[in-house]
Amino acid sequence: MSTPALVTAGSAAPDHVPVTPRNLPNRGGPANPSAERIRLRFSAAHVRTEVVWGETTVYIQPASALEVVRYLHDDDAEQYDYLADVTAVEYRDLELPVQVVWHLRSIPYRRFLRLKAELARTAPLRVPSVWPVFKGADWLERECYDMFGILFEGHPDLRRILMWEQYQEGYPLRKDFPLRGRFSRSEQLRQALAAQPETRYSMHELSIADAFEDLPAEMRQRLARGQRPGE
Amino acid sequence: MSKRTVEVTLATSGLDAEGRPQRSPLVVNEGGRVTTLEPMPALEPELEGEHMLINIGPQHPATHGVLRLVLELDGETVVRCIPHVGYLHCGFEKIGEYRQYNQIIPWTDREDYLNSPGNNVAFSIGAERLFGVEVPPRCTVLRVIALELSRIMSHLVWLGTTCIDIGAFTPFLWSFQERERIYTLFEQWIGARLTTTLTRVGGMGADIPDGWMDGLRDFIRTLPKTIAEVDRMVTRHGIWVGRTIGIGALNAEEALNYGLSGPMLRASGVDYDVRKDFPYCDYETYDFEVPVGTTGDVYDRFLVRMEEMRQSVRILEQAVERLPDGPVNVDDARLILPPKSKATSEMESMIHHFKQVMEGPRPPVGETYVAVESPKGEKGYYFVSDGTPKPVRWRIRPPSFVNLSAIPKMAEGHLLSDVIAINASIDIVMGEIDR
């Protein structure tokens, strides 16, 4: 397959058209050529390809996510060098699988590709981390884990990021999570007042400080279990 | 009583082999009697000591909000930097799943609150793509004006606060004066200053009032003078240069791999601007240039942002010239409310009004990811619709969040005081990071 021409700096793709209903249909239309190459190369992992409003979505098997992303990043004809976003989607219909979404850009070719992996609800939600390829996935995957509870295997430091480390209520963006939270307002207030700012250091951070050794042994054990002195 | 004048000059004879500014003796001229102060004594040999853990924030003015950094220090050198975010988390994305599309627009004001009009426009472009509507040309040009004004607004705040962080107070006052003028323009346009809610799905909240363009022309005529003034004051200043050159540098490959965007990425030498590469709002028809740095340090980020403001003025000049007449909203009764007089007098308009207010417009099943070049970088909105009036998923791709994730890489190995400069150069807005 011949390598397509690179786009010169500071210009849009040669086939760029503004996305309007006049220019592009809701469904169908020209797909990103990378989708076809993924289908040929990873025939076992490729599930289906969709084009909605000119954006190509390739559905892949979850287990091969890292492999496909690595190919898209490394191959000279693809050069997807920019990971825009990692996120997840859960539909209101709880029969449907949870989807993990990667938004990738190829800056040299001015292409945009959406990768999706569907995770069945019967097993724990697991997907390989793309951190070995894109360091920018670090916080994005942590946020996705924090909000949806999806475990990114191979992530170096998968812990909560927006919620605090001892947060017990679950995963806020899941559809079974109520808008106002699981605990009552009075219980949330009580927990907030009981938390002591001094213990907001993680075990990892306290292990750096000298003061950790000075704490009573019983408190060190409780900190190790993730409890707060006030609780 | 005679005044005694004391002149202090700091001679900077350039940078040493390691890229740090060379220390020179202070020369004090006291009434004609010149004394040369002794150079600072060489640093004492390193004492045997343990590493120190210090905490900056979340309540600290130099963290630009409620960022908390835990730093492990060896003397004054940062060995490890562990950022903590989430103190401002409000669950915008969750709330969005319980709101109609037009009801979400006020939430976008509050996430990156220095760039509210830009967020409103970005949201509307995304929602319109999902609904499959095309806005009239006047609306597109007005949106470009809003986007560029909010870019200047955000960069002015960045400039002022960064100058304060590094020790220059006057540019802060100048830049906030100019920003005040943009706020006045938005107040005349939409009635709000900070939380504008400027757009609607399928149009704008309001057309510009009579005579508004004169105010804008006046602003774009005088803004370059202020930028030039700050430029003269800061760009070649010895302290500024000494505190920013070579600090927090990332090369092009690292910056791209960390997913940085906006001025952070361009300062490192990657020529990626969403306005040029994936155009929206007819940006491909405007004549402007994208500044790109070389070394990717704090100084380059400063230069890139200064030049971006000048380029925004260029875009604004062109937009003012080409603003066409015509409607600002699409002619689509599904999306745009009829005038109140019609809604109370005509049956059909009343039905449309009722359906829109009580149920909300329904987009077709589908999904879209729309990115715009916000002052911080690539700001993306990802919508998933299942055909109901409320989105299944509304995702904000926060540029500050991804840019901040590289701070351990940038800060480690530098001095504690450089962490403040590096943090300022990222241009973070915690409202956007925590959402």
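These notes cover chain B, its strand β11, and the contact between chains A and B in a predicted model.

1. Overall make-up of chain B. The 435 residues of chain B include 48% that are buried. Secondary structure in chain B comes to 17 helices and 11 strands. Of the contacts in chain B with a separation of 6 or more, 67% are between residues 24 or more positions apart.

2. Domains. Chain B is split into domain 1 (6-36), domain 2 (52-84) and domain 3, the last assigned in two segments, 97-328 + 360-434. Taken over C-alpha atoms, the centres of domain 1 and domain 3 of chain B are 40 Å apart.

3. Strand β11 of chain B. This strand spans residues 393-397, and 5 of its 5 residues are buried, so the rest of the structure largely encloses it. Arg393(B), Arg395(B) and Arg397(B) point one way from the strand, while Trp394(B) and Ile396(B) point the other way. The three arginines are thus listed as buried along with Trp394(B) and Ile396(B).

4. Pairing of β11(B). Strand β10 of chain B (residues 377-385) runs antiparallel to β11(B), and 5 bridges join the two. Within this pairing, Tyr381(B) has Ile396(B) as its bridge partner in β11(B).

5. The A–B contact. Chain A brings 45 residues into contact with 47 residues of chain B. On the side of chain A that touches chain B, at least two residues each come from β3 (82-89), β5 (111-119), α3 (137-148) and α5 (203-208). The biggest share is that of β3(A), with 6 residues. By type, the residues on this side of chain A are 26 nonpolar, 8 polar and 11 charged.

Key:
Residues are numbered from 1 along each chain as its sequence is written. Chains are lettered from A and ligands numbered from 1 in the order in which they are written. This is a predicted model: local features need pLDDT of at least 70, side-chain atom pairs count only at pLDDT 80 or more; totals for chains, interfaces and linings use all residues. A residue is buried if 20 or more other C-beta atoms lie within 10 Å of its own, exposed if 12 or fewer, and partly exposed in between; C-beta atoms are placed from the backbone. Helices (H or I, at least four residues) and strands (E, at least two) are DSSP runs, numbered from the N terminus. Two strands pair if DSSP finds at least two bridges between them. Domain bounds come from an automatic or database domain assignment. Two residues are in contact if their C-beta atoms, placed from the backbone, lie within 7 Å. Ala, Val, Leu, Ile, Met, Phe, Trp, Tyr, Cys and Pro count as nonpolar, Asp, Glu, Lys and Arg as charged, and the others, Gly among them, as polar.
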